[in-house]
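Welcome! Please take a moment to look over the model below, and then let us walk through it together.

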Amino acid sequence: MSDFTGQLIDNRYQLKQLLASGGMATIYSAVDTRLDRAVAVKIMHAHLANDEAFVSRFIREAKATAALSHPNIVSILDQGWNQGGPPAVFLVMELVEGSTLRDLLNNQGKLSVEQTLQIISAVVSALSAAHQKGIIHRDIKPDNILKNSFAQDYYIYVIISVITLVIFS
């Protein structure tokens, strides 16, 4: 895995900080230099970016996710291939700042019934919206559920390849 921190992707997205890395991609906080806003950029790992079938599925799933319109779903803002820099297939999403449910469990231990129900309700709401559009989540786990640091809302990253859902309570 290459670290793209500091790179300008597609002559538009300035990568600031590595946020997370998984089996398929690495996510960075970034600045959209055209619109001067914070975003998250998900860059597919190079070994997958060379797989034409995988890239095709990545693009298809990005388009399907971008079509979702729900208050609990992170917006997909852009998708493309880096032009004029390190080769990269990428997806740009709304940046959700916060910590994971895994962090909360590690710091707090078990959750109260109220917290548990709040989180489950939020996750089910987002998944229901995705399922209505034929999108299936394949990796629901505490590491993929985020709590917004600015509110009491819970978010979930959907890991179908590229898809990210946000959960608001």
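Is arginine 37 buried, partly exposed or exposed? With a relative accessible area of 34%, arginine 37 is partly exposed. Its side chain meets that of aspartate 32 in a salt bridge, 3.7 Å from N to O. We will come back to this pair shortly, but keep in mind that the model is a predicted one. The mean pLDDT of the protein chain is 81, and 87% of its residues reach 70 or more. Residues 157-169 stay under 50. Where pLDDT is low, the predicted coordinates should not be read in detail.

Now find the sheet. Six strands form an open, antiparallel arrangement in the order E1-E2-E3-E4-E6-E5. Strands E1 (8-9) and E5 (76-81) stand at the edges with a single partner strand each, so one side of each has no neighbour in the sheet. The partner of E5 is E6 (residues 89-94), joined to E5 through five antiparallel bridges; in one of them, glycine 80 is matched with phenylalanine 90. Helix H2 (residues 52-66) packs on the sheet, where H2 touches E4, E5 and E6.

Back to the charged side chains: the whole structure holds three salt bridges. Aspartate 32 also pairs with arginine 12, their closest N and O atoms being 2.8 Å apart. This pair links strand E3 to the loop between E1 and E2, 20 residues apart. Aspartate 32 is buried at 0% relative accessible area, and arginine 12 counts as buried at 11%. Elsewhere, arginine 102 in helix H3 forms a salt bridge with aspartate 143 at 3.3 Å. Through shared partners, Arg12, Asp32 and Arg37 join into one network.

Terms used:
Residues are numbered from 1 along each chain as its sequence is written. This is a predicted model: local features need pLDDT of at least 70, side-chain atom pairs count only at pLDDT 80 or more; totals for chains, interfaces and linings use all residues. Side-chain values use heavy atoms; hydrogens and water are left out. pLDDT is the predictor's confidence in each residue, from 0 to 100. Contact means heavy atoms within 4.5 Å. Two strands pair if DSSP finds at least two bridges between them. Helices (H or I, at least four residues) and strands (E, at least two) are DSSP runs, numbered from the N terminus. Axes are lines fitted to C-alpha atoms, for helices over the stretch in contact, and angles run from 0 to 180 degrees between N-to-C directions. A salt bridge is a side-chain nitrogen of Lys or Arg within 4 Å of a carboxyl oxygen of Asp or Glu. Buried means under 20% relative accessible area, exposed over 50%, partly exposed in between (1.4 Å probe, protein chains only).
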